[in-house]
Structures are given as C-alpha cells and as structure tokens.
Amino acid sequence: LNPGGRFCSIASSFGSLKKLDQSLHPAFEIEKLTLDKIDQLTNDYTAKVKAGTATAEGWPEWINVPSKVFQVAAIKALAQDPSWAQKGIALNSACPGLVKTEASKPWFDEESWNKAKGPLEAGET
C-alpha cells in the first residue's frame, strides 16, 4: 500500500469470535496474533477438517465462520506492526452482518430479503 493508503477487509458478522466455541478464543488473542500463527491455525484447522475431528474440537461445521474469523485475525495481526501507522496506512476490518447479495440470499426469508441492505447501502451505515 502507498503511504496514506487505506485497506478495509469486509468479513461479515461471522468474523466475530462470538461465532466460535470459547475453547478456541485463546488462539486468537491479539498479543499472540502473527501472520505465521494464523497460517499455522488455518493449516491445523484444515488438517482437522480432513481428519474429521474439527467439529469435536470446537470448530463450527460451516466453513464460512472459520474463514471469516481467520480473515479478521489476519488484519489484526498486520495492524500490530507499527510501520503501517508510521506510513499513515490504515488497516481495518468490518463485520457488518448479513448483506443482501446473491450469495447470502439462502439465509433470508422473503420478508427479510426485501428489507435487507445491499452492499452499497450497508457500507454507508
């Protein structure tokens, strides 16, 4: 990124640790987060999914939750590096909740779908 640049990762509300079992929270403590640590966590998670043990170890069955949590964790890890701020670069991650897109349509009933905000509207709130 250029000096003064901005980077914002949009992760949905599934990026919140509230969506993970409490037993997994310590791995995501801000003091422990590095990109290497997140890479190791994602590799461990992948191995557990392949072995069929992920759910028994507290991971949700649906991959969207871990993927979003890892996405937010990566931004938090990057933000720990003071060189970004020294260059005037802002790193942000937002978890706006469910946004009206074709990919999210299966999670809405018809009434909610008609009331939901699209990406541009959700970005303004």
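This passage looks at the overall fold of the protein chain and then at helix 1.

The model is a predicted one, in which local features need pLDDT of at least 70, side-chain atom pairs count only at pLDDT 80 or more, and totals for chains, interfaces and linings use all residues. Numbering starts from 1 along each chain as its sequence is written, and side-chain values use heavy atoms, with hydrogens and water left out.

The protein chain holds 5 helices and 2 strands (DSSP runs, H or I of at least four residues for helices and E of at least two for strands, numbered from the N terminus). Read from the N terminus, the order is β-α-α-α-β-α-α. The C-alpha trace spans about 45 × 45 × 20 Å along its principal axes. Of the 125 residues, 30% count as buried (under 20% relative accessible area, with exposed meaning over 50% and partly exposed in between, using a 1.4 Å probe and protein chains only).

Helix 1 covers residues 35-51, 17 in number, and its first and last C-alpha atoms are 24 Å apart, close to the 24 Å expected at 1.5 Å a residue (that is, 1.5 Å times one less than the number of residues). Its buried residues are Ile38, Leu41 and Tyr45. Down the helix axis these fall within an arc of 55 degrees, so they line one face of helix 1 (the arc is taken from the directions from the helix axis to the C-beta atoms). The cover over them includes helix 2 (64-79). On the face turned away from that buried side sit the exposed residues Asp36, Lys50 and Ala51. After helix 1 comes glycine 52, with a positive phi near 80 degrees.

Note on methods:
Contact = heavy atoms within 4.5 Å.
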